[in-house]
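Q: Please take a close look at one part of this model, the side chains and their surroundings. Keep it brisk and go residue by residue.

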Amino acid sequence: MASIIHLSILHILIFFVFCSCFLHNTYVASVTLNLDTDKQTLIYMKSQTITQPPDALATWDPNSSPCNWTRVSCDDRGQRVVGVDLSGLLISGPVSPYIGNLSFLTTLQLQDNRFQGMIPETITNLLRLRVLNISFNSIEGAIPRNISRCIELQVVDFMQNELSGSIPEDLTLLVNLQTLNLAGNHLSGLIPPSIGNLSSLLTLRLGTNTLSGAIPGDLSRLVNLKNLDLTINNLTGIVPPSIYNMSSLEWLAVASNDLSGDIPYNVGDTLPNLLNFNFCINKFTGTIPGSLHNRTNIRFIRFAHNRLHGTVPPGLGNLPELEMYNIGYNYIVSSRGEGLNFLYPLVNSTKLDFLAIDGNGFDGVIPDFIGNLSQNLRMLYMGSNQISGSIPPSIGQLQGLALLNISFNSISGEIPSELGQLEGLQELILSENNLTSNIPNSLGNLQKLAQIDLSSNELEGSIPNSFSASKG
């Protein structure tokens, strides 16, 4: 046992000398990279970190080949390490600069850990690298400027870290790139128009940063792009018209910026593959583009918190895959005499999970067919409108509801006892209406209820004992 420990220490000491030489000059002629140097690199990387559970890398034995180690893969001849997957081990510590020694590496997956510090510059020595995933860590600093040396890269995923600085132009030289995910960092500056040169790109995610300026029209040159996420930045101006002609797009999200202008009415025709359309929290004007209601496969339509006006266009019955329809907080009104009947076609959307029409100018009564909406409906926002009449008992049929908000309307009558059938209800907001009579005892059945607001009504009597007991 003593000889084995001595041998391991000797290996590491030799490797320290090797690494010192390597870091001072990447191209030292006397250094020969082989399977043994790969092994020593990985052993040293392990010594700098803590894993959870602690024995997650127990097979990394200096006296065995790394080709037999868990989460390590070698080439077909077993001569070099080509893949390292340390994802999800809750690893704490830095990304070792010695990673650059693994010169045959094609896949490096470090996501879902607690890595800290900066991305080492030596990572750009991995000229064969195709997949680089460091997402969901605490990496800080700038993206290495000479990352274009890794010309084989197909996936760069740095999502959800603490990266800062601008998006380096070098990234736009990676002509084989299919996925570029920089979302959830602190990147600033402009979106480089040269990203439009990445003709193989399928996914571009830059959301949740502090990027500013205009959306480059050059992005429309990404003729294969399926996913474009620019949400939660400081982007200004209009969405370039050419973006609306990117027929390959399935996901188009620009929410939470400072964008303006009308949305083309035919956007659903020019983006025939669209599944997710998210334009929330901007300053868009005009009307809801009715062509989106012709996209039978679309799942998410989101326009909340803009300046849209007019009425809801026809076609809601064409959306069997729809999961979210959010048009809250605009200036949209009911068609004359129609009230809320425009919602009736949504009974065909059996996957509907989220429906928000709040903060508009809708009038009329809540129709009885409300109970025929999707049993999957969890969130129903109808507050801050001009809705009158009573709450129909049929609303108790929406067994999937977790939130019901009908506040700030002119609802009258009693609170229907059928609300007590909504066993999964967590939030019930009926404030600022004209509700009368007593609070029904059936609300005491709502064991999951965490928030209830019945204020500013004309209710009378006392809080039911059953309700008080259920809330402790």
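A: Cys 150 has a relative accessibility of 1%, so this residue counts as buried. The cut-off for that word is under 20% relative accessible area. Keep in mind that the model is predicted.

Cys 280 is also buried, because its relative accessible area is 4%. Now take the cysteines that bond. How many disulfides does the count come to? The count comes to one disulfide. It joins Cys 67 to Cys 74, with an S to S distance of 2.1 Å. The angle about the S-S bond is -100°. The link of Cys 67 and Cys 74 is left-handed.

Is each end of this bridge buried or partly exposed? Cys 67 has a relative accessible area of 26%, so this end is partly exposed. Cys 74 stands at 18% relative accessibility and therefore counts as buried. Exposed, as a label, is kept for values over 50%.

Next, the aromatic rings. The count comes to nine aromatic pairs. One of them is Phe 277 with Phe 279, a stacked pair. Their ring centres are 4.1 Å apart, and the angle between the planes is 10°. Planes under 30 degrees apart count as stacked, which is why this pair takes that label. Phe 277 and Phe 279 are both buried.

The pair belongs to a wider set. Ring pairs link Phe 277 and Phe 279 with Tyr 244, Phe 284 and Phe 303 into a cluster.

Asn 276 leads into strand S18, which covers residues 276-278. Phe 277 falls within that residue range. Asn 276 has 6% relative accessibility, so it counts as buried. Which residues does Asn 276 touch, leaving out those up to four places away in sequence? They are Glu 250, Trp 251, Leu 252, Ile 298 and Phe 300.

Trp 251 comes up again among the charges over rings. The charged end of Arg 205 sits over the ring of Trp 251, at 5.1 Å from its centre. Trp 251 is thus touched by Asn 276 and has the charged end of Arg 205 over its ring.

Another arginine sits over a ring elsewhere. Arg 128 lies over the face of Phe 104, and the distance to the ring centre is 3.8 Å.

To recap: Cys 67 and Cys 74 are joined by a disulfide, Cys 150 is buried, and Cys 280 is buried. Phe 277 and Phe 279 stack and are part of the ring cluster.

Note on methods:
Residues are numbered from 1 along each chain as its sequence is written. This is a predicted model: local features need pLDDT of at least 70, side-chain atom pairs count only at pLDDT 80 or more; totals for chains, interfaces and linings use all residues. Side-chain values use heavy atoms; hydrogens and water are left out. Rings of Phe, Tyr and Trp (its six-membered ring) pair if their centres lie within 6.5 Å; planes under 30 degrees apart count as stacked, over 60 as edge-to-face and the rest as tilted. Buried means under 20% relative accessible area, exposed over 50%, partly exposed in between (1.4 Å probe, protein chains only). A charge sits over a ring if NZ of Lys or CZ of Arg is within 6 Å of the ring centre and within 35 degrees of the ring normal. Helices (H or I, at least four residues) and strands (E, at least two) are DSSP runs, numbered from the N terminus. Contact means heavy atoms within 4.5 Å. A disulfide is a pair of cysteine sulfur atoms within 2.5 Å.
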